[in-house]
Amino acid sequence: MSFLDLAKVRYSTKKYDNTKQVSNEQIEELKQILRLSPSSINSQPWKFTFITDPTLKKELASKSYVNEQSINDVNLLVVFSVMENIEHFENRNLSVLPEAWVKGFYEPLVKSNGNEAVKTWLENQVYLSLGFFLSACMNMGLDATPMEGIERQAYKQILNQDGYSPLFAVTVGYADAPNDWAHPTILPKSRFELKEVVESI
Ligand SMILES: Cc1cc2nc3c(=O)[nH]c(=O)nc-3n(C[C@H](O)[C@H](O)[C@H](O)COP(=O)(O)O)c2cc1C
C-alpha cells in the first residue's frame with residue numbers, strides 16, 4: 001500500500017484486541033527505528049522506554065486518565081522522555097557534534113533565546129520522533145495511539161527516570177476494529193480541507 005493509502009486508514013486506536021500481541025521481533029525493530037529518528041543538528045535529546053512488564057504497565061495505566069484500558073489491553077507501551085538538564089545535554093549530546101553546528105546554529109539560534117526556548121526546542125525533537133514512530137507502526141501493520149493524557153510526574157517516579165522527563169506515551173497493538181468507535185469505517189477521518197492547510201505558491 002502507498003504511504004498515502006496507509007495514512008487514510010491509520011488512526012488513533014481507542015479499543016485494542018487484547019488477544020493479539022506485538023511480537024518480540026517487532027518490538028526490537030521498533031527500538032531500532034526510534035534510534036534512527038531524525039532531530040535538529042542530530043541533537044537526540046531523548047529516551048525511549050519500552051514497557052512490556054505487565055505489573056509496571058498496569059501501574060502506569062492507572063496514571064493515564066482515559067487511556068487506562070488501552071494500556072492494559074496492549075502488550076507494548078512506549079514512553080517518550082526528554083533530557084531535562086541543559087548543561088548535561090550540552091556536555092553529552094553537543095560535544096560529539098561538528099563545532100560548526102553548535103557555534104553556527106545551536107548557540108546563536110537556540111541558546112541565545114534563553115533556557116525556556118532551549119527546553120521547547122528539546123521537546124520539539126522528541127515530538128518529531130513521535131511522528132516517525134507512528135509512521136513506522138503504520139508501515140508495520142501495527143495500530144498505535146499517541147497519549148499526552150498521562151500523569152507525567154507519576155510516570156517519572158514509577159519509571160525511576162533520572163535526568164529525563166516523560167512527555168507522552170504510545171500504545172502499540174492490534175485494534176479491535178469492529179468494536180472501536182474511532183475506527184475510520186465507523187468514524188470517518190476528520191481533517192480540514194486540503195486548500196485550508198496547504199498552499200502552493
Ligand atoms: C501529541 C498527541 C497526543 C494525543 N493524546 C491522546 C490521548 O491521550 N488519548 C487518546 O485517545 N488520543 C490521543 N491523541 C490522538 C488524537 O486525538 C488524534 O491523533 C486526532 O484526533 C486525529 O485522529 P487520528 O489520529 O485517528 O487520525 C493524541 C495525539 C497526539 C498527536
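User: In this predicted model, how do the residues of the lining of the largest pocket divide?

Analyst: The lining has 7 nonpolar, 4 polar and 4 charged residues. Among the residues closest to the pocket's centre are R35 and R92, and Arg counts as charged. W46 and F48 are also among the closest to the centre, and Trp and Phe count as nonpolar. Q44 belongs to that group of closest residues too, and Gln counts as polar because it is in neither of the other two classes.

User: Which elements supply at least two residues of the lining of the largest pocket?

Analyst: Helix α2 (24–35), strand β1 (46–51) and helix α5 (86–94) each do. Strand β1 gives the largest share, 4 residues. The space in this pocket is about 290 Å³.

User: What lines the second largest pocket?

Analyst: The lining includes R10, Y11, S12 and K14, and also W181, A182 and P184. Its residues divide into 6 nonpolar, 2 polar and 4 charged. About 200 Å³ of space lies in this pocket.

User: What makes D176 and K15 a salt bridge?

Analyst: The cut-off is 4 Å between a side-chain nitrogen of Lys or Arg and a carboxyl oxygen of Asp or Glu. For D176 and K15 the N to O value is 3.4 Å. The pair therefore meets the cut-off and counts as a salt bridge. The structure holds 5 salt bridges.

User: Why does the pair of D176 and K15 tie together parts that are apart in sequence?

Analyst: D176 lies in the loop between β4 (164–173) and α9 (194–197), whereas K15 lies in the loop between α1 (3–9) and α2, so the pair joins parts that are 161 residues apart in sequence.

User: Is D176 called buried or exposed, and why?

Analyst: Buried means under 20% relative accessible area. D176 has 16%, so D176 is buried. K15 has 33% relative accessibility, which puts K15 in the partly exposed class, because that class lies between 20% and 50%.

User: How do you know that K111 and E90 form a salt bridge?

Analyst: The closest N and O atoms of K111 and E90 are 2.8 Å apart, and the cut-off is 4 Å. K111 is in the loop between α6 (99–110) and α7 (115–139) and E90 is in helix α5, so this pair ties together parts that are 21 residues apart in sequence. K111 itself is partly exposed, at 36% relative accessibility.

User: Where do K103 and E107 lie?

Analyst: Both are in helix α6, 4 residues apart, which is about one turn of the helix. Their closest N and O atoms are 3.5 Å apart, and the two residues form a salt bridge. K103, at 48% relative accessible area, is partly exposed. E107 is partly exposed as well, at 33%.

User: Why is T171 called buried?

Analyst: T171 has a relative accessible area of 0%, so T171 is buried; the cut-off is under 20%. T171 is found in strand β4.

User: What makes the pair of T171 and Y16 a polar contact?

Analyst: The side chains of T171 and Y16 come to 3.0 Å, and the cut-off for N or O atoms is 3.5 Å, so the distance part of the test is met. Leaving aside neighbours within four places in sequence, T171 is in contact with residues including Y16, S70, I71, V74 and D143.

Key
Residues are numbered from 1 along each chain as its sequence is written. This is a predicted model: local features need pLDDT of at least 70, side-chain atom pairs count only at pLDDT 80 or more; totals for chains, interfaces and linings use all residues. Side-chain values use heavy atoms; hydrogens and water are left out. On a 1 Å grid over the protein atoms alone, a cavity is a set of points where a 1.4 Å probe fits but cannot get out, and a pocket is an open set with protein on both sides within 12 Å along at least five of seven lines; lining residues have an atom within 4 Å of a point. Grid points are joined across faces, edges and corners, and a volume is the space filled by probe spheres set on the points. Buried means under 20% relative accessible area, exposed over 50%, partly exposed in between (1.4 Å probe, protein chains only). A polar contact is a pair of N or O atoms within 3.5 Å; within protein, one must be able to donate a hydrogen and the other to accept it, and residues adjacent in sequence count only if both atoms are side-chain atoms. Contact means heavy atoms within 4.5 Å.
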